[in-house]
Amino acid sequence: MPPDPDSSPDSILLHELIDGVATITLNRPDSLNALNAELRRELLAAVKAARADDSTRVLVLTGAGRGFCAGADLRGGSGERQFRRVLIDEYNPLITALRTLPKPVVASVNGVAAGAGVSLAFAADLVIASDDARFVPAFNRIGLVPDSGLTRTLVRALGRHRAFEILLGERQLTAAAAHEAGLVAAVVPASRLAEATRELGRRLAAGPVAAIGLTKRLLTRAEDDSLGDNLALEAALQEIAGRDAEHSEGVAAFSEKREPRFGPS
Ligand code: T3D
């Protein structure tokens with residue numbers, strides 16, 4: 001991702017690119033990084049920029065302050081809100097952009113995630129969370145239904161009954177519980193989250209990102225495809241991966257009994 005000239009400490013979205021790892025930090029800590037229209041717009045633009053930028057090999061999402069993201073900004077009240085349009089035009093493209101980004105996306109969940117903030121965290125490919133993080137669906141509590149892909153994620157990960165309990169707030173989804181359920185890859189002490197995220201980001205960025213991107217596509221499709229369709233897609237994507245320089249490097253490294261060097265350059 002090219003350095004963003006507007007990414008001053010006052011920007012609502014902070015950008016950083018180090019060694020192939022682009023980190024996007026939601027920066028509205030006073031509202032636990034609630035998503036207002038401007039933040040939603042900037043977030044989507046940043047994910048699109050990460051897609052277009054070859055030097056970005058991994059995308060990390062995190063939040064400033066004590067929260068990851070408190071979902072939709074509720075400060076404007078409910079009167080003028082256009083739910084369907086906002087979901088179709090803003091939230092859904094953001095979730096789709098993350099899920100279809102051909103690069104690994106890591107959510108580094110530094111505190112509470114609520115509402116669409118939970119959806120945003122679980123739209124990532126890997127979630128790493130601080131031990132004081134919690135996932136609070138919150139939608140029902142304000143008389144809304146879950147959105148931004150959360151129902152699908154939870155029902156697949158937890159099954160219908162456990163998902164319902166969590167969506168109703170009958171069962172708390174702490175970082176430890178989310179880890180136990182397989183939704184979170186690792187839970188670390190809050191003081192170690194940034195370092196652990198950097199280590200994970202560096203490991204992913206050093207991997208064969210073209211093959212990882214294709215693997216992500218296969219996984220996404222595997223959620224819905226028939227066996228026949230998925231076998232056919234594996235064959236097609238293997239043809240692409242097998243023609244890539246990453247494959248030549250991987251095989252050369254194996255033959256020469258050394259670690260492969262995939263990048264970043
Ligand atoms: O129209 C559309 O956009 C449709 C899409 C909807 C998708 C959704 O995301 S709906 C769900 C919206 N989110 C929520 O309902 C969560 C609301 N927040 C909370 O339930 C709690 O704040 C938390 C559980 C997240 C954290 O609780 P706690 O006790 O740790 O913090 P707090 O004291 O409640 O919040 C700290 C500050 O953040 C506080 O501001 P203040 O009083 O210090 O000035 C609070 O008002 C503010 N804040 C928290 N969440 C939001 C928020 N401000 C605006 N919008 C929020 N969502």
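**Sheets, cores and ligand surroundings**

Helix α1, which spans residues 37–52, lies across β1, β2 (21–26) and β3 (58–63), and its direction is at about 15° to that of β1. The model in which this arrangement is found is a predicted one. The three strands belong to an open sheet of six strands, in which the order is β1-β2-β3-β5-β7-β10 and the pairing is mixed. At the edges of this sheet are β1 (13–18) and β10 (186–188), each of which pairs on one side only. On average, and with direction ignored, neighbouring strands of the sheet are turned by 20° against each other. Within it, strand β5 (residues 105–109) and strand β7 (residues 126–130) are paired in the parallel sense over four bridges, and V106 stands opposite L126 in β7.

A further open sheet is made of four strands in the order β4-β6-β8-β9, again with mixed pairing. Its edge strands are β4 (67–69) and β9 (173–174), each pairing on one side only. Strand β6 (residues 112–114) and strand β8 (residues 134–136) run parallel and are joined by three bridges, with F135 of β8 as the bridge partner of A113.

F135 also has a place in the packing of the interior, since F122 and F135 are the residues with the most contacts inside the largest nonpolar core, which has 50 residues. When neighbours within four places in sequence are left aside, the residues in contact with F135 include V109, A113, V118, A121, F122, V127 and L173, together with T174, A175, A178 and V184. A second, separate core has 11 residues, among them V21, V188, L193 and L204. In soluble globular proteins, nonpolar side chains tend to be buried together.

Helix α3, formed by residues 116–123, is mostly covered, with eight of its eight residues buried. The buried residues of α3 include V118, A121 and F122, and these three are also in contact with F135. A116 is likewise buried in α3.

A116 is also one of the residues closest to the ligand, a group that is completed by A72, L74, R81 and R141, while 25 residues surround the ligand in total. A backbone N or O atom of A116 is found 2.8 Å from an oxygen atom of the ligand. Side chains take part in such polar approaches as well: an N or O atom in the side chain of R66 is 2.9 Å from an oxygen atom of the ligand, and a polar side-chain atom of R134 lies 3.2 Å from an oxygen atom of the ligand.

Key. Residues numbered from 1 in each chain as written. Predicted model: local features only at pLDDT ≥ 70, side-chain atom pairs only at ≥ 80, totals over all residues. Heavy atoms only, no water. Core = buried A, V, L, I, M, F, W, Y, C linked by side-chain atoms within 4.5 Å. Buried < 20%, exposed > 50% of the residue type's maximum accessible area, 1.4 Å probe, protein only. Contact = heavy atoms within 4.5 Å. Pairing = 2+ DSSP bridges. Helix = DSSP H or I, 4+ residues; strand = E, 2+ residues; numbered from the N terminus. Axes fitted to C-alpha atoms, helices over the stretch in contact; angles between N-to-C directions. Near = heavy atom within 4 Å. Polar contact = N/O pair within 3.5 Å; in protein donor to acceptor, adjacent residues only side chain to side chain.
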